[in-house]
Amino acid sequence: MKTNFDTTTAPATEKEYSILNLGPTHPATHGIFQNVLKMDGEIIVDAEPTIGYIHRAFEKLAEHKPFYQITPITDRMNYCSSPINNMGWHMTVEKLIGAELPKRVEYMRVIVMELARISDHIICNSVIGVDTGAMTGFLYVFQWREFIYEIYEELCGARLTTNIGRIGGFERDFSETAWRKINHLLKELPAGLKEFENLLVRNRIFMDRTINCGPISAERALQYSFSGPNLRAAGVDYDVRVMNPYSSYHEFEFDIPVGTNGDTYDRFMVRQEEMWQSLSIIRQAIDKLNKLDDKTTFHADIPSFYLPPKEEVYNNMEALIYHFKIVMGETDVPKGEVYHCVEGGNGELGFYLISDGGRQPFRLHFRRPCYIYYQAYPEMIKGSFLSDAVLTMSSMNVIAGELDA
Amino acid sequence: MEKPTLENVLAELQQHFGSNILAVEQDYDFHTVHISKQHIVTMLRYLYDHDTFRFQYLTTACGLHYPDAERPFGMMYQVHSLTTNLRLRFKAFTTASDLEFDTLTTVFPAANWMEREAFDFFGFHFKGHPNLKRILNVEDMDYHPLRKEYPIEDATRYDKDDTLFGRRPAGYDRKRLQP
């Protein structure tokens, strides 16, 4: 909530500001963020964010790893929606090597990415609830996030850092159980989401608390290169899935929700609506899969990048050679530069890859949406209360892993 | 009015800046314009203010290091026009003795942290940057880790000689280190 109190013109001699360290490990900031706040009573006059507490040198690490070993690095960026990061990376390499993917794989990817988007938004929105003092909503929807993790587990064996899929497709086809669970989610999640919305959307306390909290105008948001739900909440309908469709997104019907004020409430509402849209996209993807004649393909036919099945490796010389070459990183890769971006949980997640034809990238730069929009944070909380700063941060969905790389 | 294409943009840039454009190349779906570093700000400002192109979204910027090149250090900028959905990449290279670039924060506030990252990891200086200090690494670090001369492996360890797997640190001498 912005106050009318003007902190800039008050004479400095009569005032004494206090310095408050919010973080690095503060229970109200979900992750390791340090902000040195200059406070006038309870009002924030200035803020200086310090980041990098969990910097793990991903860009340097990636220069020393063969392409297929970089996927687990991407997991650890936005760990609330790792599958989107994984898929983004696979697609970048596929673009580099010029691999064409079967339609079935693309639809399966869409399903996984939209599941990830739902689980990402569930975390963010329910945590906004927690930060406004409403623990209940969090507990209600977290079982669905848990359920989505069970689906991941069924697809790839992991839950949080998924390393899902391979360059060229998936490591295995979706199992019967996975399909059953996805269908169960589609059937049951709407009721859960509805219940969550009933708790918060028209809740007077929640609205008073979030409307006008940490607002940003569309103009400023664009200048700060915001993307994803935060930009859309400010009223700009930029979504990578529509602007630069990948993985057959252009075949899907969905709406891009936009807000008007760019405040916490709008960000909450945009994410909420995106979850409904994601559900609809998953339904469409399943329909499209059912209409396909192809019911078994789960990877592209690129033997020099996609690991052959184990039984063939043991019994078939050609498969053994490919296996060896892939694992040792001896496959030739074209020289060139690729930029590929996907709509991650937080916006445009880009991979800028320079390949010199070697086994590892020559240079890999991640465009991490959090890192770019978090720099607007001091501006957004200036003149507001300390409690609003916490709420603004959680509604921006700043993920420490993505921020610090 | 017809939607401008990337060819229009490149033609206009060529017409307006002419000899300042060193090269234009296409890599996959992206066009890269090579320029010298003193023209970065004027060129991006021109595209920002342009009535029809409106490249007003800075997607990303990062440092580059090609140790064997004549001009080894460089900056890469990617701009995006949300109205025409065109994307363009700019690159400017420089020598090791002159690592100063003009700051882009005057055009895009978002360049602030991107330039701090380039300073942190490559040691580039940005003239006019409001707050140029390290961002992800500790402040008392005395090197710029994304430069190619800094190996990822600790050169004092001899248990990590994994030459067969391409993991040999630069400047690493196994014989010298063996006890």
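Contact means heavy atoms within 4.5 Å. Helices (DSSP runs of H or I, at least four residues) and strands (DSSP runs of E, at least two) are numbered from the N terminus.

This is a predicted model, in which local features need pLDDT of at least 70 and side-chain atom pairs count only at pLDDT 80 or more, while totals for chains, interfaces and linings use all residues; side-chain values use heavy atoms, without hydrogens and water. Residues count from 1 along each chain as its sequence is written, and chains are lettered from A and ligands numbered from 1 in the order in which they are written.

**Exercise 1. Two helices of chain A, side by side**

Work out how helix 11 of chain A is oriented relative to helix 16 of chain A, and find the residues where these two helices meet.

Solution.
- Start with the geometry: helix 11 of chain A and helix 16 of chain A (residues 386-396) pack at an angle of about 25°, and their axes are 9 Å apart. Here axes are lines fitted to C-alpha atoms, for helices over the stretch in contact, and angles run from 0 to 180 degrees between N-to-C directions.
- Next, classify the angle (under 35 degrees is roughly parallel, over 145 roughly antiparallel, 65 to 115 roughly perpendicular, the rest oblique). That makes helix 11 of chain A roughly parallel to helix 16 of chain A.
- Finally, look at the residues. Helix 11 of chain A brings T264(A), R267(A) and R271(A), and these meet L391(A), T392(A), S395(A) and M396(A) of helix 16 of chain A.

**Exercise 2. One helix with two partners**

Helix 6 of chain A also packs against helix 11 of chain A. Decide whether that pair is roughly parallel or roughly antiparallel, then do the same for helix 6 of chain A and helix 4 of chain A.

Solution.
- Take helix 11 of chain A (residues 264-291) as the partner: with helix 6 of chain A (residues 176-200), the packing angle is about 160° and the axes are 11 Å apart.
- Helix 6 and helix 11 of chain A are therefore roughly antiparallel to each other.
- Many residues make this contact: among them are W179(A), I182(A), L189(A), F196(A) and L200(A) from helix 6 of chain A, with M275(A), W276(A), L279(A) and I282(A) from helix 11 of chain A.
- Now turn to helix 4 of chain A (residues 103-131), where the axes come within 13 Å of helix 6 of chain A and the crossing is at roughly 25°.
- That makes helix 4 of chain A roughly parallel to helix 6 of chain A.
- On the helix 4 side of this meeting you will find I111(A), L115(A), I118(A), N125(A), S126(A) and G129(A). The helix 6 side holds W179(A), I182(A), L185(A), L189(A), F196(A) and L200(A).

**Exercise 3. The layout of chain B**

Describe how many helices and strands chain B has, and what pattern chain B follows along its sequence.

Solution.
- Count the elements: chain B has four helices and seven strands.
- Put them in order, and chain B reads α-β-β-α-β-β-β-β-α-β-α.
- Then look at burial (buried is under 20% relative accessible area, exposed over 50%, partly exposed in between, with a 1.4 Å probe and protein chains only). Of the 179 residues in chain B, 53% count as buried.
- Last, check how far contacts reach: taking those in chain B between residues at least 6 apart in sequence, 50% join residues at least 24 apart.

**Exercise 4. Three residues of chain B**

For E12(B), H80(B) and F119(B), decide whether each is buried, partly exposed or exposed, and find what it touches.

Solution.
- E12(B) sits in helix 1 of chain B (residues 6-17). Its relative accessibility is 24%, so E12(B) counts as partly exposed. Beyond four places in sequence, E12(B) touches Y46(B), H50(B) and F53(B).
- H80(B) belongs to strand 4 of chain B (residues 73-81). With 0% relative accessibility, H80(B) is buried. Its contacts beyond four places in sequence include Y238(A), M243(A) and N244(A), along with R54(B), F55(B) and N85(B).
- F119(B) lies in helix 3 of chain B (residues 111-122). A relative accessible area of 13% is why F119(B) is buried. F119(B) contacts F124(B), H125(B), F126(B), L132(B), K133(B), R134(B) and H144(B), leaving aside neighbours within four places.

**Exercise 5. Sequence and space**

Find how far apart in space E12(B) and T95(B) are, and do likewise for F119(B) and I135(B).

Solution.
- E12(B) and T95(B) are 83 residues apart in sequence, and 29 Å lie between their C-alpha atoms.
- F119(B) and I135(B) are 16 residues apart along the chain, with their C-alpha atoms separated by 8.6 Å.
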